[in-house]
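Ready for some practice in reading a protein structure? Take a look at the model below, then work through the exercises one at a time.

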Amino acid sequence: MKILLTNYRLTMLGGSELFTWDIARELAKNNEVFIYSPFCGDVAQKMQKSGLIVIDNLGKIKSEKPDIIHAHHNIPALQARHFFPEVPMIFLSHGIIPFLETPPSIDINIQMYLAVSEEVKLNLISKNIPAEKIRIFRNFADTEKFRPITPINEKLKKVLIIASHVDGKTLNLIKKTCRKLNLKLDVIGKTAKCVWDVEKYINNADLVVALGRSAIEAMSCGRVVMVYGNSAGVIGGDGIITEDNVEELEKNNFSGRRYNLVYTLENFINEFLKYKPEIGFNNRKIVLTYFNLKDRIDELLKIYRHCCYSTPSCGLFIPEKEIAYLIKETKTVEIMQQCVMQKEHELQKILASKSWKITAPFRWTKKTIAEVNRKFKRTFSFVDGIINIIDPGKIKKTFITIKQQGLRPLAKKISVEVQSFNTYKAWIEQNGNKAISYQKNTKFAYAPRISIIITVFNPPLRILKSTLNSVLNQTYANWELCIADARSNNNVKKILEEYAKKDARIKVVFLEENKGIAGNLNEALKIASGEFIGFVDHDDELHLSAAYEIIQLLNTNNDIDFIYTDEDKLSIMGKRFSPHFKPDWSPDMLRSFNYIGHFAVIRKNVIDKIGGFKIELEYKGSQDYDLLLRLSEQTQKIEHIPKVLYHYRARKCQNADKTKRVVPENAQKVLSEHIHRLGLKGKVDFTDFSGHYRIRYAIDNNPAVSIIIPNKDNLDKFRKCISSVLNKSTYKNYEIFIVDNQSAGKEIFEYYEELRKTHKIRILNHNKPFNFSAVNNYAVPLVGSEYLIFLNNDTEVITPSWIESMLEFAQRSDVGAVGAKLYYPNDTIQHAGVIIWNNGMINHAFRNFHKNQPGYMARTAIIQNYSAVTAACMMTKKSIFNEVGGFNENFAVYYNDIDFCLRIREKGYLIIWTPYAELYHHESHTIGRNMTEEKGKTLERECLLCRKKWGSIFKKGDPYYNPNLSLTKEDFSLRSIR
């Protein structure tokens, strides 16, 4: 058989060049093989020396009409089709370089497409290529050329990196790892320099860190291999290649470019410490069994014969004008490539010249001056940011931090805060209220008076004036300012008297004694005549539109009792920073910390009903928190305005600190009394975050819990899941229902038989095609417990008290479902609640954050409400499951848990997410990694169904996600500036 192989260029030794070389060498043993490339160089010369026929002009073999064309890259494919219009053609795509590896857009009659991975196959299908014309042709290694020569060491001593390009951050991490572990390191790059004896380098290493298909060659040499990605600080797959992950890596062409797993120095050290010589021995066996070149050649010859003998003659006709155009464009690209190569050659000559070396000091001086100049500019910006956010009250604490940790952590923290400050500054400029004059002229149908309550005790005069002016300048006019002065000095009294004379809406009562913040507030409340009460500290400021926005909301619903807004902070320079964009009413978040803060406006008769502020000493510092909790017990008519209408001064004046400093023990008492009044039993614990609390509700009557786990084969992960539940769970009154869904493996049924001996486990069979909703709906009626946990078979329990941590909430009458905190195996967050964006997207909050990162306002570390949680680990009552009709079976794979939770919310129940039930979820870290065409269609169909069914929520937005936050990132950062 005459075979024509094409490759775009044979100049440097890279993946595609090695691929062509290997198959050509094997095919040439029993066939006549020609290799064509428009650009021939070092690699072409080496191929010729090895006895292969390499040409750079297809006209030379026009008379040698091939039986089959195996095209690699589109430009030589077009040229080959022009010279041989009727010869069957196969097109191979690695999918790495779209410009070269995307099939030609015109029809050049390709009989078959070879894709090196499932992902490339999907990419070809997206180009309207029929799936039946695509075949997976995976990578291979020449096991004769790449074979063990040097024995592998019992202990790790030598490390080799093989990559086309190694990014600096990753290389530095690996270098540091080698230094810490006292290892020798070598680095080679197949396209960075021609290393013809690469197998010798591999044989002299114990551990090979590889980017792509060179991983298979290293495995063939019997080395321990680790695959990593091609972005800064990123490595791929599961690190060290073993039998557990080799199949998954091979599906993705052993290419780190398919992964997105961030690694740190600690992660690299942990991976290197997994080194065992036997892994290398086993790798050789894996290659011989699955990735042997000879087997691939046999497979390739079958494909050739099929195309030659089973496919009719092409009879292809391309108009001459189109052919001429294609050849012209190809030649243009060739000329451009030649120019680039010539320039690269000239550049190398310059870099090697004496004049370049002599002038090096001058270039260094110029570069240094430019760098210093750039850093000075950055420093001025940096200092400006620090001045705006610094808190002199924390200077002592800062010095202690420096002493304990050094300057680097502090500098990093300041850098982040300065960047955040500058981002918010730009956001304010874009989102500022530009309708002040319009607001002042607005006439409302419902225009109740708002009484602004301020208690005063010796604030700085300049700051007091700013506070008073922020009320005076409100665009809504029907307000009154009620001030209680707690025996301030004469200068403060004088200012208060002046403002009272200036505007009749200002009332001041001068108290004979300082009754403490709660007592002073109650005195101010006595002189308030408004229908609504708003609270402002004497050193903070109201946004000019604060009262207007409150009244505008009340005109849409005048039955509201309690309104709160977003807020930010004021620096000592009067600059705004650190915005707090809050969720809508979230009772469980309020029980974790006082997220409402400011600006709270409350109907006066509700405040009167609960008796105002408590003045007892044990409530000192927590009187605001106590008031808000008691209000929540009296009314559910609570609304949130997602606008920054209050500016909290970051450096509170010294006298205010004495009266308003939060006392943790008092807040603990306030929360304890709150849950007692609600008829709930529980204990309030402190957390690692100051001002944040955890309520541990008592579990009544030790109820039975049924854990439902659908499963199909997947033995390794499933075994981990079951073992972790059985061995770690401290709650004992549970049973496990395994719902087998058409498993086929012998091993899984043997494991089932082993599990049947455990009295806590029952095994059910659901012999129908996979439908997550249907599988669970089938199991629930067979369960006798009131409480259900839906659990994925690829989860693994971390927290022993995970059941208790969900059950304590599920037993509450107002709770419909409870979700857990799930991590990827690399200890980054997979699920911390679900957020529904009003752009039609649904995402997991704080995905990819490290598990110890607190996130925005410590939200990865506190109990709170969400619109939905994932059913990978979710608890609910059986009665509620039946009440909402179970899972919707139209959502067979995706969004079934979202739909389920939203139907629970429709019934008036709360969804709770707790960080105290922690599990690993061995789900793919990179979305789409295992996405087949069929799964892609299912995802699209069920996504559209979800959007259609819950369009009102998508349109309005998630009540637990502030509309000012990002619609592209799950990190709760600011929405992109318009």
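Here are four exercises on this predicted model, each with a worked solution.

**Exercise 1. Find the partners of a strand**

Task: Work out which strands pair with strand S38, and in which sense each one runs.

Solution:
- Step 1. Locate S38, which covers residues 910-921.
- Step 2. Begin with S31 (residues 795-797), which runs antiparallel to S38 and is joined to it by three bridges. Here Val797 sits opposite Leu919 of S38.
- Step 3. Move on to S32 (residues 815-823), which is parallel to S38, with seven bridges between them. In this pairing, Leu822 stands opposite Leu919.
- Step 4. Finish with S36 (residues 864-865), an antiparallel partner of S38 over two bridges. Gln864 has Trp913 in S38 as its bridge partner.
- Step 5. Put Leu919 in context: Val797 of S31 stands opposite this residue, and so does Leu822.

**Exercise 2. Covered or open?**

Task: Decide whether S38, helix H22 and helix H33 are mostly covered or open.

Solution:
- Step 1. Recall the cut-off: a residue is buried when its relative accessible area is under 20%.
- Step 2. In S38, ten of the twelve residues are buried, and the strand is mostly covered.
- Step 3. H22 (residues 546-554) has eight buried residues out of nine, so the rest of the structure largely encloses this helix. Among those buried are Tyr548, Glu549 and Leu554.
- Step 4. H33 (residues 896-906) is mostly covered too, with nine of its eleven residues buried. Its buried residues include Asp897, Phe900 and Arg903.
- Step 5. Look just past the end of H33, where Gly908 has a positive phi of about 95°.

**Exercise 3. A charged patch**

Task: Which residues gather in the patch of positive charge on the surface?

Solution:
- Step 1. Pick out Lys155, Lys157, Lys158 and Lys184, which form this patch.
- Step 2. Place one of them: Lys158 belongs to strand S10 (residues 158-162).
- Step 3. Classify Lys158: its relative accessibility is 35%, so this residue counts as partly exposed.

**Exercise 4. A nonpolar patch**

Task: Which residues make the nonpolar surface patch, and which helix gives the largest share?

Solution:
- Step 1. List the members: Leu347, Ile350, Leu351 and Trp356 make a patch of about 340 Å².
- Step 2. Find the main contributor: helix H13 (residues 320-352) supplies three residues, the largest share.
- Step 3. Check one member: Leu347 lies in H13, and at 44% relative accessibility Leu347 counts as partly exposed.

Terms used:
Residues are numbered from 1 along each chain as its sequence is written. This is a predicted model: local features need pLDDT of at least 70, side-chain atom pairs count only at pLDDT 80 or more; totals for chains, interfaces and linings use all residues. Side-chain values use heavy atoms; hydrogens and water are left out. Patches are made of residues with over 30% relative accessible area and no salt bridge: like charges are joined within 9 Å, nonpolar side chains (Val, Leu, Ile, Met, Phe, Trp, Tyr) within 5 Å. Accessible areas come from the Shrake-Rupley method with a 1.4 Å probe; for residues, only the protein chains shown count as cover. A salt bridge is a side-chain nitrogen of Lys or Arg within 4 Å of a carboxyl oxygen of Asp or Glu. Lys and Arg count as positive and Asp and Glu as negative; His and the chain ends are not counted. The place of a charge is taken as NZ of Lys, CZ of Arg, CG of Asp or CD of Glu. Helices (H or I, at least four residues) and strands (E, at least two) are DSSP runs, numbered from the N terminus. Buried means under 20% relative accessible area, exposed over 50%, partly exposed in between (1.4 Å probe, protein chains only). Two strands pair if DSSP finds at least two bridges between them.
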